[in-house]
Amino acid sequence: MYSIGYDIGSSSIKAALIDHKTGNSIDVIQEPKNEMHITALQNGWAEQNPEIWFSHVCTATKRLLNENNIAPEQITTIGIAYQMHGLVLVDKKGNILRPSIIWCDSRAVAIGQQAFNDIGSSYCQQSLLNSPANFTASKLKWVKENEPEIFKQVHKLMLPGDYIAFRLTGKINTTISGLSEGIFWDFKTHSLSEILLKQYGISETTIPNIVPTFGTQAIVNEKGALESGLAKGTKINYRAGDQPNNALALNVLQPGEVAATGGTSGVVYAVTDSLKNNEYERINNFAHVNHTSKNPKIGKLLCVNGAGILYRWIKENFDVSNYSEMNDLAEQISIGSNGLTILPFGNGAERMLKNQHVGAHFINLDLNRHHKADFCRAALEGIAFAFVYGIEVMKNDNTSIKVLKAGNDNLFQSEIFSTTIATLINIDIELYHTTGAIGAARAASNVNDTTNTIGSITNKNDFVKKYTPQKHIKTQLVHAYNTWKDELNLKINQTS
């Protein structure tokens with residue numbers, strides 16, 4: 001028997017097929033082949049039609065079944081991971097009222113800041129564990145203020161993963177982890193935040209019923225089966241946002257364990273059992289997949305917007321054919337990039353820099369000395385230094401780090417990038433060949449013993465390699481990092 005895991009991204013939908021007995025990944029496919037369109041009607045806006053997500057889920061499902069000669073009845077469970085912080089609104093008939101306002105939409109920043117001022121920093125820090133900021137609740141408040149006729153028709157709000165589950169099953173529900181990422185959850189009362197709902201004028205009836213993260217949340221109905229190709233009665237057994245799910249896929253479930261990703265933007269996601277936080281305006285704090293009121297597990301999420309997007313820009317603008325060639329070029333240059341310093345923050349305001357828009361900068365550029373290889377090295381170092389800077393912020397936020405785990409893709413495949421981080425933070429970095437879709441599928445198939453089972457499957461099937469701190473280069477790296485940090489502080493002071 002088999003499980004399917006879906007990863008509902010803003011660029012594509014990934015679907016993974018795994019074997020129940022072994023946990024082995026059989027196939028992972030992506031739909032569509034080209035990136036999905038994001039609509040931006042105004043600067044800073046980002047919207048997508050949720051029906052497009054579901055259409056690609058159906059196409060991906062049928063492909064998995066057909067290409068692997070699997071009968072629908074052989075799929076017994078489904079897991080769903082999804083892009084966080086999106087807002088989907090439906091009326092009483094389940095019809096979509098407007099396009100989804102997705103994670104990278106920044107229209108509600110001012111609304112969140114006003115709520116933070118009105119509610120007070122003490123409540124935000126101790127109960128919400130976050131500033132309301134630009135999260136799902138603030139986006140709904142924007143709809144209330146700017147599209148009142150649509151707001152009047154709202155029956156339920158959903159996160160992107162909730163909507164996919166609804167389209168497959170006809171049931172509208174959500175999870176505590178999901179509500180916490182939308183900043184609807186009060187961690188002190190372990191209930192919906194009445195204070196935030198009152199602040200935004202949102203009725204509690206708008207919030208879906210809560211189901212556990214693991215366990216049967218709903219079953220595929222006749223309509224969902226007909227459209228998706230799944231069998232009626234297939235269980236949805238797991239649901240989580242993409243970053244908590246990525247952590248689960250890497251077996252990051254206990255305090256001291258940290259997951260990282262290095263794509264267009266970078267993420268460091270650390271698990272703690274403490275509700276205390278000093279940096280709640282720079283780091284997001286959400287209920288992890290294994291969180292309970294009696295045994296808290298909080299995922300501290302730090303995002304570096306300016307990460308792989310810089311490395312991609314270098315590749316596209318310096319006539320380099322692929323990332324492997326870039327890494328080879330970078331290896332030709334010594335630590336410190338011959339004095340060239342790059343700040344990678346060219347992908348919008350950086351929350352870890354207190355929402356300042358520092359921008360990307362090439363500093364100390366010598367047109368007679370610096371060439372393509374220097375830029376490749378300086379870019380890798382600049383992005384790695386940004387990760388280290390963020391990890392220092394996390395350590396100031398009651399976060400212990402014993403091991404850092406990452407997927408075997410993108411930036412972490414670079415020896416320079418990974419060794420730089422490992423050496424500066426003095427922690428091993430372990431790479432695993434897994435994905436969010438695979439993690440979601442495994443979680444769905446092992447709901448009775450998730451922590452132990454996921455961990456054993458990940459360690460057995462997926463381990464690739466380990467980067468360890470290199471003492472012989474630490475002095476050079478510390479000097480280069482301090483130089484980089486001095487330049488960053490200068491730019492921050494200029495921007496303030």
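Tutor: Contact here means heavy atoms within 4.5 Å. Keep in mind that we're looking at a predicted model. With that cut-off, helix α1 lies across β1, β2, β3 and β5 (75-82), and its direction runs at about 145° to β3.

Student: What sheet do β3 and β13 belong to, and in what order do its strands come?

Tutor: An open one of 6 strands, ordered β3-β2-β1-β5-β14-β13, with mixed pairing.

Student: What makes β3 and β13 edge strands?

Tutor: Each of them, β3 and β13 (214-219), pairs on one side only. From one strand to the next, the twist in this sheet averages 25°.

Student: How do you know that β1 and β2 pair?

Tutor: Pairing takes at least two bridges between the strands. Strand β1 (residues 2-8) and strand β2 (residues 13-19) have 7, and they run antiparallel, so they count as a pair. Among the partners, Gly5 is matched with Ala16 in β2.

Student: Back to β3 and α1. Why is the link between Glu31 and Arg63 called a salt bridge?

Tutor: The cut-off is a Lys or Arg side-chain nitrogen within 4 Å of an Asp or Glu carboxyl oxygen. Glu31 and Arg63 come in at 2.8 Å, N to O, so the pair qualifies. Glu31 sits in strand β3 (residues 25-31) and Arg63 in helix α1 (residues 50-67), 32 residues apart, and the pair thus links distant parts of the chain.

Student: Are Glu31 and Arg63 buried or exposed?

Tutor: One of each kind of label, roughly speaking. Buried means under 20% relative accessible area; Glu31 has 11%, so it's buried. Arg63, at 25%, is over that limit but not over the 50% that exposed requires, which means it is partly exposed.

Student: How many salt bridges are there by this rule?

Tutor: The count comes to 19. Another one is Arg239 with Asp162, at 2.8 Å from N to O. Arg239 lies in strand β14 (residues 235-241) and Asp162 in helix α6 (residues 160-169), 77 residues apart. Both Arg239 and Asp162 are buried.

Student: What makes Lys485 and Glu392 a salt bridge?

Tutor: Their closest N and O atoms are 3.4 Å apart, and the limit is 4 Å, so they pass. This pair links helix α17 (Lys485) to helix α13 (Glu392), 93 residues apart in the chain. Glu392 has a relative accessible area of 36%, and so it's partly exposed. Elsewhere, salt bridges that share partners tie Glu47, Arg98, Asp105, Arg107 and Glu147 into one network.

Student: Why is α13 called roughly perpendicular to α17?

Tutor: The axes of α13 (residues 372-395) and α17 (residues 474-495) come within 10 Å and cross at roughly 80°. Roughly perpendicular covers 65 to 115 degrees, so α13 earns that label against α17.

Student: Which residues make that contact?

Tutor: On α13: Gly382, Phe385, Ala386, Val388, Tyr389 and Glu392. On α17: Leu477, Ala480, Tyr481, Trp484, Lys485, Leu488 and Ile492. By class that's 10 nonpolar, 1 polar and 2 charged residues.

Student: How do you know that α12 and α13 are roughly perpendicular?

Tutor: Helix α12 (residues 323-331) packs against α13 at about 100°, with the axes 7 Å apart. That angle is inside the 65 to 115 range, and therefore the two are roughly perpendicular. The α12 side of the contact is Met326, Asn327, Leu329 and Ala330, facing Lys372, Ala373, Cys376, Arg377 and Leu380 of α13. In class terms the contact has 6 nonpolar, 1 polar and 2 charged residues.

Student: Why are β17 and β23 said to stand at the edges?

Tutor: They belong to an open, mixed sheet of 7 strands, in the order β17-β18-β16-β15-β21-β22-β23. β17 (284-287) and β23 (463-467) each have a single partner strand, so one side of each has no neighbour in the sheet. Neighbouring strands here are turned by 25° on average, direction ignored.

Student: What makes β21 and β22 a pair?

Tutor: At least two bridges are needed; β21 (residues 403-407) and β22 (residues 429-432) are joined by 4 and run parallel. Gly407, for one, stands opposite Tyr432 in β22. Helix α10 (residues 242-249) packs on this sheet, touching β15 (257-262), β16 (266-272) and β18 (298-304), with its direction at about 70° to that of β16.

How values were computed: Residues are numbered from 1 along each chain as its sequence is written. Side-chain values use heavy atoms; hydrogens and water are left out. Axes are lines fitted to C-alpha atoms, for helices over the stretch in contact, and angles run from 0 to 180 degrees between N-to-C directions. Angles under 35 degrees count as roughly parallel, over 145 as roughly antiparallel, 65 to 115 as roughly perpendicular and the rest as oblique. Ala, Val, Leu, Ile, Met, Phe, Trp, Tyr, Cys and Pro count as nonpolar, Asp, Glu, Lys and Arg as charged, and the others, Gly among them, as polar. Buried means under 20% relative accessible area, exposed over 50%, partly exposed in between (1.4 Å probe, protein chains only).
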